[in-house]
Amino acid sequence: MAGSTGGPSHAETSAHLYDAVGQIWLEMFGEHVHVGYYPEGWPESKHKKTWQQAQLDHVDAVLEFAGVNKANRLLDLGCGYGGTAVHIAERLKCKAVGVNISPFQVQAANNLARRLRFGEKEVYFVVGDALQPDLPDGCADLVVSVESAAYMPCKEKFVAQLARLCAPGGTVILVDFCRAAGPISASLQQRLASMDSIFATPGNWHSAEQYKQLMGKCGLQVVRDGDWTRNVCGFWNVGLWSLLLRASQPDMSFGQWYKEFNKRAFHTLWLFLTGGPAVLKMAAGYMLGHQKAVVQGGLDSGVLEYHVIVAKKPGK
Ligand SMILES: C[S@@+](CC[C@H](N)C(=O)[O-])C[C@H]1O[C@@H](n2cnc3c(N)ncnc32)[C@H](O)[C@@H]1O
């Protein structure tokens, strides 16, 4: 997987980064590594639900938006810790497979599936590059990518894989941050570069229009595109401190909360101190509110949008 310069490829760099931050992300975000959904927008919804509930609502809202209420087999390309795939498998009572470049995350995803008592042939996760996954054509009737497209160094190849892996008559859903359409000023371009610097995205941001064109070229028929920028912005209004505090659950006694908070805080500190440069950079970013400023600034400035694009593969 070496890159054309002889250095590591983007896939190798991603795998390394995601493995390095794997444990800390799991501690902080839980099994969903995507934004939450706030139907009334922000800041109206600010105190109405927890971060985790907003993430579950996001997956449900995506399915509803796509009009998907049943599937036989789901494929999640760039599946993180499996939270999204497992939630869909539970909800639609379907089989699921997820592909991820990070072995650490794949292990966590398989642990989650087994914990929820899914059989090894029903819901499982494999290590692989989403640009060349070792899966047969048409292997799933529902193919999703939730916030993984932005990480792909070649969007053409990625969308071609989404289309190839979807069975005729099936649905492809691509959910992600996109760049605004049209020319972008140098200062706005700088905002996208800041996103690349903190999330290790490869710098080839695509607009929703560009994704839709790629889908069309691969034989998919785009049926819906929703701009959800206002429904997800604000999710990043959460700093590290509140992520630690999310140990707080409404039904916990103070004693339980205090114990949980301490465990989480010490564990997180330990991970920061031992996780190496990638984790330290991320940790510093969270503590100083840098991530939040970059994502929020991108969304507020209009250069970043958040889209849910639904396409059908003709046939059947
Ligand atoms: C922001 S996370 C989204 C995770 C997941 N889709 C979810 O909903 O929780 C992006 C994911 O893309 C994965 N990824 C990045 N590059 C990849 C590649 N080339 N092939 C497969 N997965 C990749 C990362 O390891 C990470 O799990």
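Me: Lys 93 lies in the loop between α4 and β2. What makes its phi stand out in this predicted model?

Reply: The phi of Lys 93 is positive, about 55°, although Lys 93 is not a glycine. Most residues other than glycine have a negative phi.

Me: Why is Lys 93 called exposed?

Reply: Exposed means over 50% relative accessible area. Lys 93 has 72%, so the word applies.

Me: Which loop holds Glu 147, and what is its phi?

Reply: Glu 147 sits in the loop between β4 (140–146) and α6 (155–165). Its phi is near 55°, again a positive value in a residue other than glycine.

Me: How do you know whether Glu 147 is buried or exposed?

Reply: The relative accessible area of Glu 147 is 13%. Buried means under 20%, so Glu 147 is buried.

Me: Where does Glu 147 stand with respect to the largest pocket?

Reply: The largest pocket has a volume of about 850 Å³. Of the 50 residues lining this pocket, Glu 147 is among the closest to its centre, along with Tyr 18, Ser 148, Tyr 151 and Met 152.

Me: Which elements give two or more residues to that lining?

Reply: They are α1 (10–20), α2 (22–29), α3 (51–66), α4 (83–92), β2 (95–100), β5 (166–179) and α7 (186–199). The largest share, 4 residues, comes from α1.

Me: How do the lining residues of the largest pocket divide into nonpolar, polar and charged?

Reply: The lining has 28 nonpolar, 16 polar and 6 charged residues. Tyr counts as nonpolar and Glu as charged.

Me: What makes the approach of Val 146 to the ligand a polar contact?

Reply: A polar contact is a pair of N or O atoms within 3.5 Å. A polar backbone atom of Val 146 is 2.8 Å from a nitrogen atom of the ligand, so the pair qualifies. Ala 130 also qualifies, because a backbone N or O atom of this residue lies 2.8 Å from a ligand nitrogen. For Ile 101 the distance from a polar backbone atom to a ligand nitrogen is 3.3 Å, so this pair passes too.

Me: Which residues are closest to the ligand?

Reply: Of the 19 residues that surround the ligand, the closest are Gly 78, Thr 84, Asn 100, Gln 105 and Val 146.

Me: How does the span of α13 compare with the expected one?

Reply: Helix α13 (residues 290–301) has 12 residues and reaches 16 Å from its first C-alpha to its last, close to the expected 16 Å. Its buried residues include Val 294, Val 295 and Leu 299. Just after α13, Gly 302 takes a positive phi of about 95°.

Technical notes: Residues numbered from 1 in each chain as written. Predicted model: local features only at pLDDT ≥ 70, side-chain atom pairs only at ≥ 80, totals over all residues. Heavy atoms only, no water. 1 Å grid on protein atoms, 1.4 Å probe; cavity = no way out; pocket = protein on both sides within 12 Å on 5 of 7 lines; lining within 4 Å. Points joined across faces, edges and corners; volume = space filled by probe spheres on them. Expected span 1.5 Å × (residues − 1). Buried < 20%, exposed > 50% of the residue type's maximum accessible area, 1.4 Å probe, protein only. Near = heavy atom within 4 Å. Polar contact = N/O pair within 3.5 Å; in protein donor to acceptor, adjacent residues only side chain to side chain.
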